[in-house]
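Work through the exercises below with the sequence and the model side by side. Try each task before reading its solution.

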Amino acid sequence: MRIFETLADLQALIGQPLGHSDWITVDQDRVNAFAEATEDRQWIHVDPERARAGPFGGPIAHGFLTLSLIPYFFETGFAVRESRMVVNYGLNKVRFTKPVPVGSRLRAGFKLLAMDDVAGGAKQLTVEVAIEAEGSPKPVCVAESLARHYR
């Protein structure tokens with residue numbers, strides 16, 4: 001994990017990589033729990049036997065499950081000690097570029113795109129999050145995350 005003391009320390013890093021998160025495994029139990037929580041029980045996610053004969057050769061994770069791991073990726077990727085609270089403000093340009101087979105190990109790489117002042121004395125960071133599967137040369141998901149850091 002990369003630690004920054006202050007938000008000002010990030011200013012010089014706009015346009016540059018901030019590092020990577022830890023790896024996390026997307027197993028069938030996680031996929032099934034997500035399916036139950038979201039009511040999305042499509043067979044390509046939750047029926048391994050049927051999915052083996054399907055278009056992906058096995059079950060795949062929900063795209064939104066992959067996206068929902070962004071808070072974990074941030075938690076293990078970098079932190080700003082000065083921030084007493086970080087609030088998710090939204091996402092831009094989300095793309096699911098490749099299916100995630102169940103059993104994949106994922107991590108995210110971060111690139112700081114912008115840092116702006118917002119109401120309440122917060123700084124809004126726009127960070128490109130490129131989620132990669134171990135062994136794959138192409139990201140499985142790319143999104144711009146907007147997070148407000150409060151001091």
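## Exercise 1: The largest pocket

The largest pocket is lined by 20 residues, and I70, P71, F74, V86 and A147 lie nearest its centre. Note before starting that this is a predicted model.

**Task.** Describe the largest pocket: how much space lies in it, and which elements give two or more residues to its lining?

**Solution.**
1. Start with the volume. About 440 Å³ of space lies in the largest pocket.
2. Assign the lining to elements. Two helices, α5 (63-68) and α6 (70-77), each give two or more residues. So do the strands β4 (78-80), β5 (85-96), β7 (122-133) and β8 (141-150).
3. Sort the lining by class. It has 14 nonpolar, five polar and one charged residues.

## Exercise 2: Aromatic pairs

**Task.** Classify the ring pair F4 and F78: which geometry does it have? Then find which parts of the chain it ties together.

**Solution.**
1. Count first. The model has six aromatic pairs.
2. Take the distance and the angle. The ring centres of F4 and F78 are 6.3 Å apart, with the planes at 80°.
3. Apply the cut-offs. Centres within 6.5 Å make a pair, and planes over 60 degrees apart count as edge-to-face. The F4 and F78 pair is therefore edge-to-face.
4. Locate the partners. F4 lies in strand β1 (residues 2-4) and F78 in strand β4, so the pair ties together parts that are 74 residues apart in sequence.
5. Check burial. F4 is buried, with a relative accessible area of 7%. F78 is buried too, with a relative accessible area of 7%.
6. Widen the view. F4, F74, F78 and F110 form one aromatic cluster. F74 also lies among the residues nearest the centre of the largest pocket.

One further ring has a charge over it. The charged end of R148 sits over the ring of Y89, 3.6 Å from the ring centre.

## Exercise 3: Two links to I60

**Task.** Is H45 buried or exposed? Which backbone atom does its side chain reach?

**Solution.**
1. Place the residue. H45 is found in helix α3 (residues 43-46).
2. Read its accessibility. Buried means under 20% relative accessible area. H45 has 5%, so it counts as buried.
3. Find the contact. The side chain of H45 reaches the backbone oxygen of I60 at 2.7 Å.
4. Now turn to V26. V26 is found in strand β3 (residues 24-26), and it counts as buried at 1% relative accessibility.
5. Relate V26 to I60. The two residues are 34 residues apart along the chain, and their C-alpha atoms are separated by 9.3 Å.

## Exercise 4: Positive phi outside glycine

**Task.** Where do E39 and K93 lie, and is each buried or exposed?

**Solution.**
1. Take E39. Its phi is near 65°, a positive value in a residue other than glycine.
2. Locate E39. It sits in the loop between α2 (28-38) and α3.
3. Check E39 for burial. The cut-off for exposed is over 50%. E39 has a relative accessible area of 57%, so it is exposed.
4. Take K93. Its phi is about 45°, positive although K93 is not a glycine.
5. Locate K93. It is found in strand β5.
6. Check K93 for burial. With a relative accessible area of 59%, K93 is exposed.

## Exercise 5: The whole chain

**Task.** How many helices and strands are there in the chain, and what pattern do they follow?

**Solution.**
1. Count the elements. The chain has six helices and eight strands.
2. Read them along the sequence. The pattern is β-α-β-β-α-α-α-α-α-β-β-β-β-β.
3. Add burial. Buried residues make up 41% of the 151 residues.

How values were computed. Residues numbered from 1 in each chain as written. Predicted model: local features only at pLDDT ≥ 70, side-chain atom pairs only at ≥ 80, totals over all residues. Heavy atoms only, no water. 1 Å grid on protein atoms, 1.4 Å probe; cavity = no way out; pocket = protein on both sides within 12 Å on 5 of 7 lines; lining within 4 Å. Points joined across faces, edges and corners; volume = space filled by probe spheres on them. Helix = DSSP H or I, 4+ residues; strand = E, 2+ residues; numbered from the N terminus. Nonpolar A, V, L, I, M, F, W, Y, C, P; charged D, E, K, R; others polar. Phe/Tyr/Trp six-rings, centres within 6.5 Å; stacked < 30°, edge-to-face > 60°. Buried < 20%, exposed > 50% of the residue type's maximum accessible area, 1.4 Å probe, protein only. Lys NZ or Arg CZ within 6 Å of the ring centre and 35° of its normal. Polar contact = N/O pair within 3.5 Å; in protein donor to acceptor, adjacent residues only side chain to side chain.
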